[in-house]
There are 2 protein chains.
Amino acid sequence: MSQKFKARLIKIKTGEKNVILNESDAEEMMFRIHDRVLITKNFQRSVAMVDISESVVERGEIGFYEDFSEFPVVDGDLVEVSAAPTPTSVEFIRKKMRGKPLTKSEIHSIVKDTVSHNLSKLEVAAFLMAEEYVGMSIDEIESLTKAMVETGKTIDFGERVVDKHSIGGVPGNKVTLLIVPIVAAAGLKIPKTSSRAITSPSGTADTMELLAPVEFGEEELKRLLRDVGGYIAWGGSLDLAPADDLFIRVEHPLSIDPRPQMMASIMSKKLAVGVDTLVLDIPTGKGAKVEDFESARKLGNDFIELGNRLGIRVRCGITYGGQPVGHTVGPALEAKEALETLMGGGPNSLIEKSTSLAGMLFEMNGLATRGNGHALAKEILRSGKAYQKMREIISHQGGNPDIKPDDLPLGTERYVITAPADGYVSSISNRSINAIARAAGAPVDKGAGVKLYAKMGYSVKKGDKVVEIYSSRQSKLREAISVAMRDPPFMIEGMLLEELPGF
Amino acid sequence: MSQKFKARLIKIKTGEKNVILNESDAEEMMFRIHDRVLITKNFQRSVAMVDISESVVERGEIGFYEDFSEFPVVDGDLVEVSAAPTPTSVEFIRKKMRGKPLTKSEIHSIVKDTVSHNLSKLEVAAFLMAEEYVGMSIDEIESLTKAMVETGKTIDFGERVVDKHSIGGVPGNKVTLLIVPIVAAAGLKIPKTSSRAITSPSGTADTMELLAPVEFGEEELKRLLRDVGGYIAWGGSLDLAPADDLFIRVEHPLSIDPRPQMMASIMSKKLAVGVDTLVLDIPTGKGAKVEDFESARKLGNDFIELGNRLGIRVRCGITYGGQPVGHTVGPALEAKEALETLMGGGPNSLIEKSTSLAGMLFEMNGLATRGNGHALAKEILRSGKAYQKMREIISHQGGNPDIKPDDLPLGTERYVITAPADGYVSSISNRSINAIARAAGAPVDKGAGVKLYAKMGYSVKKGDKVVEIYSSRQSKLREAISVAMRDPPFMIEGMLLEELPGF
């Protein structure tokens, strides 16, 4: 029951792998909107979903959106179209939805069909929500991690490499910009790939990009690691565990972050580049991904167990995540703070967190005895060796090593929120700070963000600066202010809630 | 930050309310694919999601797909576009996802945004999956039902009306074609709206359509009810509880049927037409929606409680749903069997089930004393009064009342599956029968379906006909046969599984 159609390219990006058939053809072939069809061109095959048009394509034509990339199609190509059976992976997703554990090959099939765009967003969402609500055993998470690696590229650096990773959720976490140069300065190899922000005001790649380019191919990364010992690059174009992006594309609009998927996502990227030793930062506290110490410890143990199964030595640092790290949130503000810290300044909390995590890597790799890694990392930072290494990294990545903190382009539209009363800062809201920075334009607007003049426990007087909002646009600044009015970024002990709209 | 754009119509149906912006405009306005935008034309406003094109629309233009129907747009119209905030209902969906109960107004907001297409399919899916996994209290189900009624049209027949409904899941359930004329013949008013098949081989509306037209407007339905006392119409065009279709559009590809949604779906349609008395058929058995008696009883009690809150008197009949009702599955085959039964023939199981359920309505409405409704219904069927009423219904709906069972157009391509051994039929698989009938072309191919010559417990000899597959197309018949090979529609006691591919 296949039929030949003439291809026509339709220059629209829809975010889905759909094709368009003429209404009469669709009716004759008994296709309804979003039915799955198999498209064959010579020996290449691909599955897509059907959109229907009465006039954009004529009878006998099939329209390909720009998102169709499985094989090249040009106007006039002859392709064959037939009804595609539902992929068996859909059955496995349903099995998981019914609460049943999946086998290694069932999970592999789901991941493979996700990567091949054979599953609709809805089907991928069903899988992720089943992970969220039904959960997964450590066996299943192991299979998921491996399947995500097997369906993507891998990089073999040919030597032992270490890494650090934060499970995220805490704003202003620019520690990577300190840890990588500290660790590389000590002679360990740290090929750090980072992501851009999805829901946060700034991803590590967004922040690093203010100091140097972050997009590189595999060969360039290998050279960087060999020559400098470390880099901070964007991982997005490397096709490591490509399933991850497709899962995130669904998780993000749903605001879900199923634990098994989060673990597999992190560990698959490490496995794909052959990481030997991993320090995992688990920010814990109100408003972070993990709110209490017990859950953090359980999660850490699960990561260690998963690491054992994958051949990655894992140690976890449970850090305080109840307020932003350091005093800044937003790409340029964070890059500035990181640079200041490398140059000998910077807030103590940022120094402590970065050097503790770097120290763990030293201890795991025999550079320091147990309990002495932290001191070694601090020494490397204090001595300026980390800053020298960062200059090398910036320079090799194509940036200007002489860049100064004040060179960073902060938003010129600013608004200060002051303390409405004397007292102690009793809370800082991660959620509010994130929302304010996003509303101000971060991460697209590199200069947008939030600066904190006081953090939890600070004593402030009425009228003292507490929060300053930065943006490049007046309109965005206004939006950010209105977010702050609705959801206050901080509380002063004893402050009346009713007075808040007054600031 | 709104900007004016010139409308351009794009004749594609995508099943989503999307619009297309030029890549450069999208970048300048900081829109990413599938971001929400607010579109304003004069005083009309609508929210849509953004697709991006580099050439289908030029800079300054906005493309409207055919699915955009909130307000009329013609080529060249000037509309204003700005970033749309995430609807608050998304927050409520997330609240439900976190396991929290929702208030009446939160549920109303979700349903309203679903009907206004302000929620993406993914967001609707998240809500339904949260219903599935988290569940809903009876308070929440009541709110959901009412919200679904309030966001649609209602019909007031101005008199007391009764109804019957099956929760579905059992193939061949053509009892509505018997119950409506039986009940109407006794003088009760039964305005029966039915659905077309979604996942089944034939919906009641599909089956009825072989005897008479089923699509009517509100005024025609009122006239039919007044003049004939009953009708069997398609409910799809009446805009009763329109949220239902939008929920089903997501449930179907995910193969989910969350219990709260199923209850609200059924009861909202009844509430919207002012049903006073409802008999609910709960088919129970292996392969049906409800597999065991205890679950059926619990579900029935929940329906009765929900009915109480909505002012609908409900009685539930738990019926055997472990195999198809009667001997036929598929639109024409079922219409034929129903007609034969009304004319005095038909299988006993079909007669018993229809008259039991009709009898319950008689008892609830004082036409028979408790325990005597069944006998009255049987008498109305046997006497030919039900057939006469059905002729009236067919005629008033615009069909030919003289239609004979043999007039119904059965598929001419047929295949018989015989018993591979002597023995008793030990099981009939609903799932397999459904899949075979769908593969054969039902419900689009009206003549396609399955006829059962033997049902559970029948004694058969090797070589006896057990199942006959009907289709209008050789190729579809072959597909149906291969489904039957993979998933046998019946088992003979003692039959070796290994012999199955032999038939």
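**How the two chains meet, and one sheet of chain A**

Modeller: In this predicted model, helix 4 of chain A passes helix 4 of chain B in a right-handed crossing.

Colleague: What makes the crossing of helix 4 of chain A and helix 4 of chain B right-handed?

Modeller: A crossing is right-handed if the near helix is turned clockwise from the far one by less than a right angle. The axes of the two helices cross at roughly 35° and come within 10 Å, and the crossing is assigned as right-handed.

Colleague: Which residues make the contact between helix 4 of chain A and helix 4 of chain B, and what is their character?

Modeller: From chain A the contact includes A:Leu122, A:Ala125, A:Met129 and A:Tyr133, and from chain B it includes B:Leu122, B:Ala125, B:Met129 and B:Tyr133. A:Lys121 and B:Lys121 also take part; the contact residues divide into 10 nonpolar, no polar and 2 charged, and Lys counts as charged.

Colleague: How do you know that the two copies are related as by a two-fold rotation axis?

Modeller: Chain B can be laid on chain A with an RMSD of 0.1 Å by a turn of 180° and a shift of 0.1 Å along the axis. The two copies are therefore related as by a two-fold rotation axis.

Colleague: Why is it said that the copies meet through the same surface?

Modeller: Because 100% of the interface residues of chain B are also interface residues in chain A, the copies meet through the same surface.

Colleague: How many residues of each chain are in contact, and which element of chain B gives the most?

Modeller: With contact taken as C-beta atoms within 7 Å, 34 residues of chain B are in contact with 34 residues of chain A. Helix 4 of chain B gives the most to this side, with 7 residues, and the side as a whole divides into 19 nonpolar, 8 polar and 7 charged residues.

Colleague: Turning to chain A, what makes strand 12 and strand 13 the edge strands of their sheet?

Modeller: The open sheet has the order 12-15-17-13, with antiparallel pairing, and strand 12 (328-329) and strand 13 (413-418) each pair on one side only.

Colleague: How do you know that strand 12 and strand 15 of chain A pair?

Modeller: Pairing needs at least two bridges, and strand 12 and strand 15 of chain A are joined in the antiparallel sense over 2 bridges. The bridge partner of A:Thr328 in strand 15 is A:Lys451.

Definitions and conventions
Residues numbered from 1 in each chain as written. Chains lettered and ligands numbered in written order. Predicted model: local features only at pLDDT ≥ 70, side-chain atom pairs only at ≥ 80, totals over all residues. Least-squares fit on C-alpha atoms with pLDDT ≥ 70 in both. Contact = placed C-beta atoms within 7 Å. Helix = DSSP H or I, 4+ residues; strand = E, 2+ residues; numbered from the N terminus. Axes fitted to C-alpha atoms, helices over the stretch in contact; angles between N-to-C directions.
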